[in-house]
Amino acid sequence: MIRKISKRKKAINELKALLENEKLILIVHYSCESFYNIKDGRTPRITSIAVRFFESKDTKSFSIHKVAEKKKIITSNIESEYDNLEKEMLQEFFQFIEQHKNYYWVHWNMRDINFGFEAIKHRFEVLQKKWNPKYEIQDSNKFDLPSKLIDIYGPKYIDHPRLEKLCEFNGIGTKDFLKGEKEAEAFESKDYIALHRSTLRKVDVMSIIIEKLINGDLKQKATWKEIYGISLQGVYHLITEDAKYFILWNIFILILGGFISHYTSKFLNSFN
């Protein structure tokens, strides 16, 4: 229980520290080829990347179909030019990183070589044949939103798939938001624009989730026992963090104090 409270406190403090530099918060997400449809053992191709400035709400996007459009390559020919288009798209993205590497990058489960910063880096190395350390984002500048939500509320705060279900539970619109299997279908049908729109929408909803989290308006399913545990330390944090429990506690103390005062006085008067 102590470890749970400690992790919760640390995650809340990290969120507060993040918000002290609101102008430097970037929200990032990307779409890629399905992991499960690849038969030759290579890593999934990247199709689009979106980066949203949290404070201004401006969004910078990178996609193979935008690169193809600039090069006058029609959609039906993208597959034959995919390596070059993906390489140029990733080059643009890493140039953006170089200019914003000291920002704070908020993401959703972009943690490993399967899906994450390392996967994007690996694709760039495969296509570019070299890696420049100037494109590296320090781990201390990465903020994995779903893991922080688990630290704050516990693993039962929402059902799986968490991003989609959290949107539904909070009434956040999911227009253009594609589920995992739908993204795979879009890639197979070469609907790169749908993939791009989905990526853009996902950074939008992540931004809304962060705002609700900050304002204390984020709805989630965890009970207070699952969040704080049953311990004196847990009860203390529940009372100090939640206004309604703080008020109830103070009312309880006043009532208890009144009872003690009344019966103490009655007891002492019995000796007179």
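Two strands pair if DSSP finds at least two bridges between them. In this predicted model, one such bridge has serine 48 of β2 and serine 63 of β3 as partners.

**Figure 1. The open sheet and its strand order.**
The view shows an open sheet of five strands in the order β3-β2-β1-β4-β5, and the pairing is mixed. At the edges lie β3, residues 59-63, and β5, residues 142-144, each of which pairs on one side only. From one strand to the next, the twist averages 25°.

**Figure 2. Strands β2 and β3.**
Strand β2 covers residues 46-53 and runs antiparallel to β3, with five bridges joining the two. Serine 63 in β3 is the bridge partner of serine 48. Alanine 50 stands opposite serine 61, also a residue of β3. The two strands form a hairpin with five residues between them. Lysine 57 sits in the turn and has a positive phi of about 70°.

**Figure 3. Strand β1 and its two partners.**
Strand β1 pairs with β2 in the antiparallel sense over seven bridges. Valine 28 has valine 51 in β2 as its bridge partner. With β4 the direction is parallel, and three bridges join β1 to that strand. Here isoleucine 27 stands opposite valine 106 of β4. Strand β1 is mostly covered, with eight of its eight residues buried. Both faces are covered: one side holds Ile25, Ile27, His29 and Ser31, and the other holds Leu26, Val28, Tyr30 and Cys32.

**Figure 4. Histidine 29 and its surroundings.**
Histidine 29 has its place in strand β1. Why does histidine 29 count as buried? The reason is its relative accessibility of 7%, because buried means under 20%. Leaving aside neighbours within four places in sequence, histidine 29 is in contact with ten residues' worth of surroundings that include Ser48, Ile49 and Ala50. Trp108, Met110 and Phe115 are also among its contacts, as are Thr199, Lys202, Val203 and Met206.

**Figure 5. Glutamate 33 in a loop.**
Glutamate 33 is found in the loop between β1 and β2. Is glutamate 33 buried or exposed? Glutamate 33 counts as buried because its relative accessibility is 6%. Its side chain and that of arginine 42 are joined by a polar contact of 2.8 Å. Apart from neighbours within four places in sequence, glutamate 33 is in contact with Ile38, Arg42, Pro44, Arg45, Thr47 and Phe187.

**Figure 6. Helices on the sheet.**
Helix α5, residues 145-153, packs on the sheet and touches β4 (104-107) and β5. The direction of α5 makes about 55° with that of β5. Seven of the nine residues of α5 are buried, so this helix is largely enclosed by the rest of the structure. The buried residues are Leu145, Pro146, Lys148, Leu149, Asp151, Ile152 and Tyr153. Glycine 154 follows α5 and has a positive phi, near 95°. Helix α8, residues 192-215, lies across β1 (25-32), β2, β3 and β4. Helix α8 runs at about 145° to β1.

**Figure 7. The nonpolar cores.**
The largest nonpolar core has 37 residues. Tyr30, Ile49, Val51, Leu90, Phe93, Trp105 and Ile120 touch the most other members. At least two residues of this core come from each of β1, β2, α2 (64-70), α3 (82-100), α4 (117-128), α7 (180-188) and α8. Which element gives the largest share of this core? Helix α3 does, with eight residues. Not counting residues up to four places away in sequence, phenylalanine 93 touches Ile49, Val51, Phe62, Trp105 and Ile120. A second, separate core has 33 residues, including Ala11, Val106, Met206 and Leu218.

**Figure 8. Confidence along the chain.**
The pLDDT of the protein chain averages 86, and 83% of the residues score at least 70. Over residues 234-239 the pLDDT is below 50. Beyond near neighbours in sequence, this stretch has 12 contacts in the model. Residues 243-254 also have a pLDDT that stays under 50. For residues 243-254 the model has five contacts beyond four places in sequence.

Methods:
Residues numbered from 1 in each chain as written. Predicted model: local features only at pLDDT ≥ 70, side-chain atom pairs only at ≥ 80, totals over all residues. Heavy atoms only, no water. Helix = DSSP H or I, 4+ residues; strand = E, 2+ residues; numbered from the N terminus. Axes fitted to C-alpha atoms, helices over the stretch in contact; angles between N-to-C directions. Contact = heavy atoms within 4.5 Å. pLDDT = per-residue confidence, 0-100. Buried < 20%, exposed > 50% of the residue type's maximum accessible area, 1.4 Å probe, protein only. Polar contact = N/O pair within 3.5 Å; in protein donor to acceptor, adjacent residues only side chain to side chain. Core = buried A, V, L, I, M, F, W, Y, C linked by side-chain atoms within 4.5 Å.
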